[in-house]
Amino acid sequence: MAAIHKLLNGHVYNKTNKKVDLNDEEYEGMVFGLYFSAHWCGPCGEFTPKLVKFYNTYAEKKKFEIIFISSDEDEESFKEYYKEMPWLTFDFKQKNKREKLEENLEVDGIPTLILIDGDSGEVICTDATEKISEEDPKGKDFPWHSDE
């Protein structure tokens with residue numbers, strides 16, 4: 001079983017709202033970006049288009065998939081914001097699980113993009129938002145590793 005599947009308890013959906021099995025072989029060897037963001041967040045609104053561009057350019061060749069984890073207050077706002085994104089999403093209704101993820105991954109603000117090795121579940125990079133925004137927008141050194 002892929003560790004990313006276990007981490008998210010299978011609560012992941014695609015753009016057509018179909019449940020996604022992260023144990024599927026198409027996700028083997030992938031790096032996953034857990035994108036914590038919200039419609040109401042100004043900095044998120046600035047970062048999301050950069051992330052969409054990065055994803056559309058590099059996802060396939062870098063074996064990279066993103067899962068949006070919404071901090072929106074209501075489902076309508078979540079749905080409106082998710083329309084801007086080409087990737088997967090974590091089930092909006094799983095608020096308790098989202099809060100546990102935020103706590104376990106030490107998310108202390110949004111936007112936050114955390115890179116996870118999908119097979120092992122190991123956190124690779126906790127500051128991928130900064131890497132895409134400033135340090136390496138072309139992904140030359142992707143997947144980045146957090147300086148610790």
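**Exercise 1. Which residue stands opposite G33 in β5?**

Solution. The model is predicted: local features need pLDDT of at least 70, side-chain atom pairs count only at pLDDT 80 or more, and totals for chains, interfaces and linings use all residues. Residues are numbered from 1 along each chain as its sequence is written, and side-chain values use heavy atoms, with hydrogens and water left out.

Step 1. Find the strands. Helices (H or I, at least four residues) and strands (E, at least two) are DSSP runs, numbered from the N terminus. Strand β2 covers residues 31-37, and strand β5 covers residues 112-117.

Step 2. Check the pairing. Two strands pair if DSSP finds at least two bridges between them. Six bridges join β2 to β5, and the two run antiparallel.

Step 3. Read off the partner. G33 faces L115 in β5. L34 stands opposite I114.

**Exercise 2. Place β5 in the sheet, then say how enclosed it is.**

Step 1. Write the strand order. The open sheet has six strands, in the order β1-β4-β3-β2-β5-β6, with mixed pairing. β1 (12-13) and β6 stand at the edges with a single partner strand each, so one side of each has no neighbour in the sheet.

Step 2. Look at the other partner of β5. Two bridges join β5 to β6 (residues 123-125), again antiparallel. I116 stands opposite V123 in β6. β5 and β6 form a hairpin with five residues between them. In the turn, G121 has a positive phi of about 85 degrees.

Step 3. Judge burial. Buried means under 20% relative accessible area, exposed over 50%, and partly exposed in between (1.4 Å probe, protein chains only). Five of the six residues of β5 are buried, so the strand is largely enclosed by the rest of the structure.

**Exercise 3. Describe what packs on the sheet and what fills the core.**

Step 1. Take the helices. Axes are lines fitted to C-alpha atoms, for helices over the stretch in contact, and angles run from 0 to 180 degrees between N-to-C directions. α2 lies across β2, β3 and β5, at about 150 degrees to β3. α3 packs on the sheet too, touching β1, β2, β3 and β4, at about 155 degrees to β3.

Step 2. Take the core. A nonpolar core is a set of buried Ala, Val, Leu, Ile, Met, Phe, Trp, Tyr and Cys residues joined through side-chain atoms within 4.5 Å. The largest one has 29 residues. Those touching the most other members include Y35, L51 and W87. The largest share, eight residues, comes from α2.

Step 3. Follow one member. Contact means heavy atoms within 4.5 Å. Leaving aside its neighbours within four places in sequence, L51 is in contact with Y35, I66, W87, L113 and I132.

**Exercise 4. Classify two aromatic pairs.**

Step 1. Set the rule. Rings of Phe, Tyr and Trp (its six-membered ring) pair if their centres lie within 6.5 Å; planes under 30 degrees apart count as stacked, over 60 as edge-to-face and the rest as tilted. The structure holds 17 aromatic pairs.

Step 2. Apply it to Y35 and W87. Their ring centres are 6.2 Å apart and their planes at 90 degrees, so the pair is edge-to-face. Y35 lies in β2 and W87 in the loop between α3 and β4 (88-90), so the pair ties together parts 52 residues apart in sequence. Y35 and W87 are buried.

Step 3. Apply it to F54 and F142. The centres are 6.0 Å apart and the planes at 55 degrees, so the pair is tilted. F54 is buried at 3% relative accessible area, and F142 is buried at 10%.
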